[in-house]
Amino acid sequence: MTHKARIVSAVALTTLTLGLTACNDGEDAASGQDSPSASAPASSGPGSKSPSADPSDDAAAPAGGDVAAPGTKFKIGDRAVLPFKYGTEKKGTVAVTVTAIEKGAEADMAPFGEKAKGMTPYYIRMKVENVGGTDLSYASLRLRGKLEGGGPTGVILVGDLPGKCDSETAPRDFTTKGASYETCSLSATKTDPIAVASFEEGDAYSDSPVLWTS
């Protein structure tokens, strides 16, 4: 199921339109004074809501390897086992394999209007596997793009570009060990290239993310 929620973006020191709001590098968005909303096509169904993933200490024990400690660094193509919580009821253990960080074209951002000029999108493609065997159907997991070395991009994008980078929710049968699906997280930059994918959900990982680099 493709998640096409409202897209929110922030560029340091610049308030953009399209529901784009200013924020700091800690990625806590503050409402802009003049930020008319623009949305990607909305989808209905269980996957349309996106509560934040929040790893929990009592998540299901991993069945496919040791859980990656905060701060662990991987190469693109490596598989990382991670604790995962979605909403208030669904929690377990997943394995994430970042398969590519692809550079898009500035023209791909055209749906977002003039204020998005100068933004280059990057598509973080990944495979997500259920290794704990708990019910994680319709859950959504997102990675953030970082500059080389792990620095922030200054831009936050929540959503997808249909046909370019589709943010998929877990399918209905994502309830058993070995179940998997593929998805894409959208990031963008106005400065240096994005070269790192970052998992930073939950207190431990927000302070010390798990990173994938080329």
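Phe174 and Tyr181 are both buried in this predicted model. Their rings form an edge-to-face aromatic pair, with 5.2 Å from centre to centre and 90° between the planes. Below, the aromatic pairs come first, followed by the salt bridges, the disulfide, the nonpolar cores and the strands around S9.

**Aromatic pairs**

- The count of aromatic pairs comes to 4, and the pair of Phe174 and Tyr181 is one of them.
- Another edge-to-face pair is made by Phe199 and Tyr205, whose ring centres are 5.3 Å apart and whose planes make an angle of 75°.
- Are Phe199 and Tyr205 buried or exposed? Phe199 is buried, and Tyr205 is buried too.

**Salt bridges between S3, S4 and S5**

- There are 6 salt bridges in the model, and here is a look at some of them.
- Arg79 and Glu129 form a salt bridge in which the closest N and O atoms are 3.2 Å apart.
- Arg79 belongs to strand S3 (residues 79-86) and Glu129 to strand S5, so this salt bridge ties together parts of the chain that lie 50 residues apart in sequence.
- On the Arg79 side, the residue is partly exposed, at a relative accessible area of 34%.
- Glu129, with 19% relative accessibility, counts as buried because the cut-off is under 20%.
- Glu102 and Arg125 form a salt bridge as well, with 2.9 Å between the closest N and O atoms.
- Why does this pair tie together parts that are 23 residues apart in sequence? Glu102 is in strand S4 (residues 90-103), whereas Arg125 is in strand S5.
- Glu102 is partly exposed, with a relative accessible area of 35%, and Arg125 is partly exposed with 24%.

**The salt-bridge network at Glu200**

- Glu200 and Arg144 meet through their side chains in a salt bridge, at 3.6 Å from N to O.
- Distant parts of the chain are linked by this pair, 56 residues apart: Glu200 sits in the loop between strand S9 (194-199) and helix H1 (203-207), while Arg144 sits in strand S6.
- Which residues do shared salt-bridge partners join into one network? They are Arg144, Lys146 and Glu200.
- Glu200 has 14% relative accessibility and counts as buried.

**The disulfide**

- The model has 1 disulfide, formed by Cys165 and Cys184 with their sulfur atoms 1.9 Å apart.
- The torsion about the S-S bond of Cys165 and Cys184 is about -100°, so the disulfide is left-handed.
- Cys165 lies in the loop between S6 and strand S7 (167-168), and Cys184 lies in strand S8 (residues 180-189), so the disulfide ties together parts that are 19 residues apart in sequence.
- Both cysteines, Cys165 and Cys184, are buried.

**Nonpolar cores**

- The largest nonpolar core holds 29 residues.
- Leu82, Leu141, Leu143 and Trp212 are the residues with the most contacts inside this largest core.
- Which strands each supply at least two residues of this core? They are S3, S4, S5, S9 and strand S10 (210-213).
- A second core is separate from it and has 12 residues, including Met119, Tyr123, Leu157 and Leu186.

**Strand S9 and its partners**

- S9 is mostly covered, with 5 of its 6 residues buried.
- S6 pairs with S9 in the antiparallel sense, over 4 bridges.
- In this part of the model, Lys146 stands opposite Val196 in S9, and Lys146 is also a member of the salt-bridge network with Arg144 and Glu200.
- S9 also pairs with S10, in the antiparallel sense and over 4 bridges.
- Ser198 stands opposite Leu211 in S10.
- A general point is handy when following side chains here: in a regular strand they alternate between the two faces of the sheet.

**A backbone detail**

- Where is Tyr138 placed? Tyr138 is in the loop between strand S5 (120-130) and strand S6 (144-147).
- The phi of Tyr138 is near 65°, which is a positive value in a residue other than glycine.

Definitions and conventions:
Residues are numbered from 1 along each chain as its sequence is written. This is a predicted model: local features need pLDDT of at least 70, side-chain atom pairs count only at pLDDT 80 or more; totals for chains, interfaces and linings use all residues. Side-chain values use heavy atoms; hydrogens and water are left out. Rings of Phe, Tyr and Trp (its six-membered ring) pair if their centres lie within 6.5 Å; planes under 30 degrees apart count as stacked, over 60 as edge-to-face and the rest as tilted. Buried means under 20% relative accessible area, exposed over 50%, partly exposed in between (1.4 Å probe, protein chains only). A salt bridge is a side-chain nitrogen of Lys or Arg within 4 Å of a carboxyl oxygen of Asp or Glu. A disulfide is a pair of cysteine sulfur atoms within 2.5 Å. A nonpolar core is a set of buried Ala, Val, Leu, Ile, Met, Phe, Trp, Tyr and Cys residues joined through side-chain atoms within 4.5 Å. Two strands pair if DSSP finds at least two bridges between them.
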